[in-house]
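Work through the exercises below with the sequence and the model side by side. Try each task before reading its solution.

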Amino acid sequence: MNFLDKYDQIPDDQPAQKVGFFLQAARNAPFALSAELTAHRPILQTPSFVVVADAQDVVDALSRHEVFNVPHAPNMDPSVGPFMLARDGANENYYEKSVMRSLLRWEDLPRIRALVASKASAILKSCSGEVDLAATVGRQVPAHIVDQYFGVSGPDETTLLAWSRATQMAFFYNLTRDPALYQAGIEAGVALRAWIDQRIEAGFDDCSETVLARLARLSATTHAMERSRVLSNAAGLLVGAVETSAHAIIQATRQLLSDPARCEAAHNAKDDPAKFDPLVWEALRFDPINTFVLRVASREATLAPGRPHARSVSAGSLIALMTVSPMASPGYTPDPQTFSGDRPHDTYSHFGRGHHECLGRYVGEQIIPETVRQIFLANVTPLDDCGGTIDYKDGPFPEHYRVRLRAG
């Protein structure tokens, strides 16, 4: 790949170009980048953050969550409030996470799957010829689950999606600290919380089994959370659901359509979710939602302790942990270059690893593969032999991905 040769040629007085070059490589060739850095520079200092590439070091750092904290609180707090997932070693994280897990019930999963199937199927049946999957099922299906299951809606779907996009961009993708993105995230979060507050004030039918209704009832009767905390946690359900699910749906679909053998396997398994779902997670391994996650050192600490390339970092250092590396490393994933539909589920880092594994993992495990399955049940074909092209519009999210629906 020769990433390092090109990276080192960028002058140090052009920090934005160096960071941008790393981000581009992480997006376009995650396996190759992971392999090159692991072999030649397992810890890379960029102008904005320290990159940890070696799989063993990544897993180690993720396991030390009180040393390497999530860094999102400064962006989240003015927007959705002091959200629990941005708090390490705090009551909000320890207590409120357990409350929210109790409301995202295991027995809900078949209902979620059915909602996904019904919505995705209806959207696809309304289309003909060429269809933009990113603009239709990619975002509309997760938004439907946010509305129908989480109970977090908005004045309309367009506004809901706008709130989702603005908060995602401000919280997780504003590496350059763009003040416009930061302000847009604040405005979206404030508006979202106000809308949720109005919904709670209006009351719920006693039979309502949305997560928001459950949370409101629990807090009203047991004082499990004060109103401000209810609003923050409910808002977080939207922030984590739509864009990440849409991202995964589109990239997994393209990976399955990009290779004849993968495509055939998907079509052969599309009537059986138990056989189809593993193909989706394996497809996503080759094009993951996140190549890395960010952490911040809470104190002076050592990366890769006990290893030849160990490095000390000062308190406040921003760390990029390449979560793609365990999925690309032979030490963690045997024969990683081979597509296999029968890998153990713990092979994957799609929902994070360790203490900060995604709260809504089991909901996402219904939304993502079932939407992709409905796409294959609709008999889609790519527009070219490479599986078609995802248009990111120079941003982090798939904006357009067009395929063809075959008649019948």
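The exercises that follow treat salt bridges, a helix and a pocket.

The model is predicted, so local features are used only at pLDDT of at least 70 and side-chain atom pairs only at pLDDT 80 or more, whereas totals for chains, interfaces and linings use all residues. Residues are numbered from 1 along each chain as its sequence is written, and side-chain values rest on heavy atoms, with hydrogens and water left out.

**Exercise 1.** Determine which parts of the chain the salt bridge between Arg 307 and Asp 57 ties together.

Solution. Begin with the criterion: a salt bridge is a side-chain nitrogen of Lys or Arg within 4 Å of a carboxyl oxygen of Asp or Glu. The side chains of Arg 307 and Asp 57 meet at 2.9 Å, N to O. Next, place the partners: because Arg 307 lies in the loop between strand E6 (301-303) and strand E7 (311-313) and Asp 57 in helix H4 (residues 55-63), the pair ties together parts that are 250 residues apart in sequence. Helices (H or I, at least four residues) and strands (E, at least two) are DSSP runs, numbered from the N terminus. Finally, take accessibility, where buried means under 20% relative accessible area, exposed over 50% and partly exposed in between (1.4 Å probe, protein chains only): Asp 57 is buried at 3%, while Arg 307 is partly exposed at 23%.

**Exercise 2.** Find the salt-bridge partners of Arg 165 and place them in the chain.

Solution. One partner is Glu 243, with the closest N and O atoms 3.2 Å apart. Glu 243 belongs to helix H12 (residues 227-257) and Arg 165 to helix H9, so this pair joins parts 78 residues apart in sequence. Another partner is Glu 399, with a closest N and O separation of 3.0 Å. Glu 399 sits in the loop between strand E10 (390-391) and strand E11 (400-405), so this pair links parts 234 residues apart in sequence. As to accessibility, Glu 243 is buried at 2% and Glu 399 is buried at 18%, whereas Arg 165 is partly exposed at 23%.

**Exercise 3.** State which residues of helix H3 are buried and which elements they pack against.

Solution. In H3 (residues 30-40), the buried residues are Pro 30, Phe 31, Leu 33, Ser 34, Glu 36 and Leu 37. Through contacts (heavy atoms within 4.5 Å), they pack against several elements, among them helix H1 (3-9), helix H2 (15-28) and helix H14 (273-286).

**Exercise 4.** Describe the composition of the lining of the second largest pocket.

Solution. The lining divides into 12 nonpolar residues, five polar and one charged, where Ala, Val, Leu, Ile, Met, Phe, Trp, Tyr, Cys and Pro count as nonpolar, Asp, Glu, Lys and Arg as charged, and the others, Gly among them, as polar. A pocket is an open set of points on a 1 Å grid over the protein atoms alone, where a 1.4 Å probe fits, with protein on both sides within 12 Å along at least five of seven lines, and lining residues have an atom within 4 Å of a point. Helix H9 gives the largest share of this lining, three residues.
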